[in-house]
Amino acid sequence: MLDLNPDQFILKPAFATIHCEPTWKWKKRDKPFPNYDLFYVWSGEGILVLNGKSYDIQKGHCFLFKHGDVTTATHNPQDPLVLTYIHFDLTETPQLVPTAHRMVENTFSFESLLTQYVRLLLVKTFGMEIEAKLILKQLMIHLLRAEEEEEEEKVEQLAYTSNILLETVREIANYIQQHPGEQHSIGSLAARANLSPRYFSLKFKQIIGHTVRSYIIRSRIERAEHLLRYSGMTVTEAAYVLGYSDLHFFSRQFKKYTGKNPSEIR
């Protein structure tokens, strides 16, 4: 509705701010909604069903019912609803329409607009219709802006989560490199990252470029090569400190990754 001019809003005589009686119920209409209805809860608690979906409603809950919607509602007689409803229509089909339900965060400014609208139409002061249409569009802008801000927050949260995941996986890769002799497993490393083994394995491959198992082996062989070159360790000693109990298996892995036998490095 952001694309529409205020004069494209059609005011309807159905509007009010009401304190619902304890026995109040909103029964299912014989026919679906013929127009738009902005429905806002000031206080109280109740249950509203919109097209088969149930909502627990209280202060700040706002609905925009559209053509064809089917609604029913009840409330707690001990804490009855206070609500505003505003029916309206449009001369054109809008490109942007607020979602059916939203929890209004800035209730003060939204409630001020609702109060202005109802007062204008009740008193019918000079320029009332023009101002009421302007307020109606402001209310729609308020709802659409809240949606846009929510989407921006989701994108920011996604980026933040992505960065945290990136750092977590890199920390695990660094841990493997610093402790090549430990008997790492996908399960233990995933637990360290606070991720499921399957998701951890997937993200590790995407971020590091190697599977978890191949990275563990690569880290061990790189460390073994360093130990053989510079520490004076024998092949048996290097294999042992890196967690290999089978010397032949160690030699095969070493040659697979370096192209040389460990004895050639020694």
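**View A. Asn51 in the loop between strand S4 (46-50) and strand S5 (53-57).** The model is predicted: local features need pLDDT of at least 70, side-chain atom pairs count only at pLDDT 80 or more, and totals for chains, interfaces and linings use all residues. Residues are numbered from 1 along each chain as its sequence is written, and side-chain values use heavy atoms, with hydrogens and water left out. Helices (DSSP H or I, at least four residues) and strands (E, at least two) are numbered from the N terminus. Asn51 is not a glycine, yet its phi is positive, near 50°. With a relative accessible area of 47%, Asn51 is partly exposed; buried is under 20%, exposed over 50% and partly exposed in between (1.4 Å probe, protein chains only).

**View B. Ile47 in strand S4 and its contacts.** Ile47 is partly exposed, at a relative accessible area of 38%. Neighbours within four places in sequence aside, Ile47 is in contact (heavy atoms within 4.5 Å) with Ser54, Tyr55, Asp56 and Ile57, and also with Thr72, Ala73 and Thr74. Tyr244 is 197 residues from Ile47 in sequence, and the C-alpha atoms of the two are 65 Å apart in space.

**View C. Trp24 in the loop between S1 and strand S2 (25-26).** Trp24 has a relative accessible area of 16% and is therefore classed as buried. Residues up to four places away in sequence are not counted among its contacts, and Trp24 touches Ala73, Thr74, His75, Leu81 and Leu83. Asn76 lies 52 residues from Trp24 in sequence, with a C-alpha to C-alpha distance of 9.2 Å.

**View D. The largest nonpolar core.** This core (buried Ala, Val, Leu, Ile, Met, Phe, Trp, Tyr and Cys residues joined through side-chain atoms within 4.5 Å) has 29 residues, and those with the most contacts inside it are Leu38, Phe110, Tyr117 and Leu139. Two or more core residues come from each of strand S1 (9-19), strand S3 (36-43), strand S6 (61-65), strand S8 (82-90), helix H1 (107-123) and helix H2 (128-178). Leu139 touches Leu38, Ile86, Phe110, Leu113 and Leu114, leaving out residues up to four places away in sequence.

**View E. The largest cavity and its lining.** On a 1 Å grid over the protein atoms alone, a cavity is a set of points where a 1.4 Å probe fits but cannot get out; a pocket is an open set with protein on both sides within 12 Å along at least five of seven lines, and lining residues have an atom within 4 Å of a point. Points are joined across faces, edges and corners, and a volume is the space filled by probe spheres set on them. The whole structure holds 1 cavity of 30 Å³ or more, and the largest cavity contains about 30 Å³ of space. Cys62, Phe63, Leu64, Pro98, Thr99, Arg102, Leu143 and Glu147 line the largest cavity. S6 and H2 each give at least two of these residues; S6 gives the most, with 3. By class, the lining has 5 nonpolar, 1 polar and 2 charged residues, where nonpolar is Ala, Val, Leu, Ile, Met, Phe, Trp, Tyr, Cys and Pro, charged is Asp, Glu, Lys and Arg, and polar is the others, Gly among them.

**View F. The largest pocket.** About 290 Å³ of space lies in this pocket. Of its 13 lining residues, Arg102, Met103, Glu105, Ala146 and Glu149 are the closest to the centre. Strand S9 (101-103) and H2 each supply at least two lining residues, and H2 has the largest share, 7 residues. The lining of the largest pocket consists of 6 charged, 4 nonpolar and 3 polar residues.

**View G. Gln95 in the loop between S8 and S9.** Gln95 is exposed, with a relative accessible area of 71%. Leu4 is 91 residues from Gln95 in sequence, while their C-alpha atoms are 8.6 Å apart in space.

**View H. Helix H3 (residues 186-193) and Asn194.** Ile186, Leu189, Ala190 and Ala193 are the buried residues shown in H3. Seen down the axis of H3, its buried residues fall within an arc of 100° (directions from the helix axis to the C-beta atoms), so they line one face of the helix. An α-helix has 3.6 residues a turn, so residues three or four places apart point the same way. The buried residues of H3 pack against H2, helix H4 (197-208) and helix H5 (212-230). Asn194 follows H3 and is found in the loop between H3 and H4. Although not a glycine, Asn194 has a positive phi of about 60°. Its relative accessible area is 71%, so Asn194 counts as exposed.
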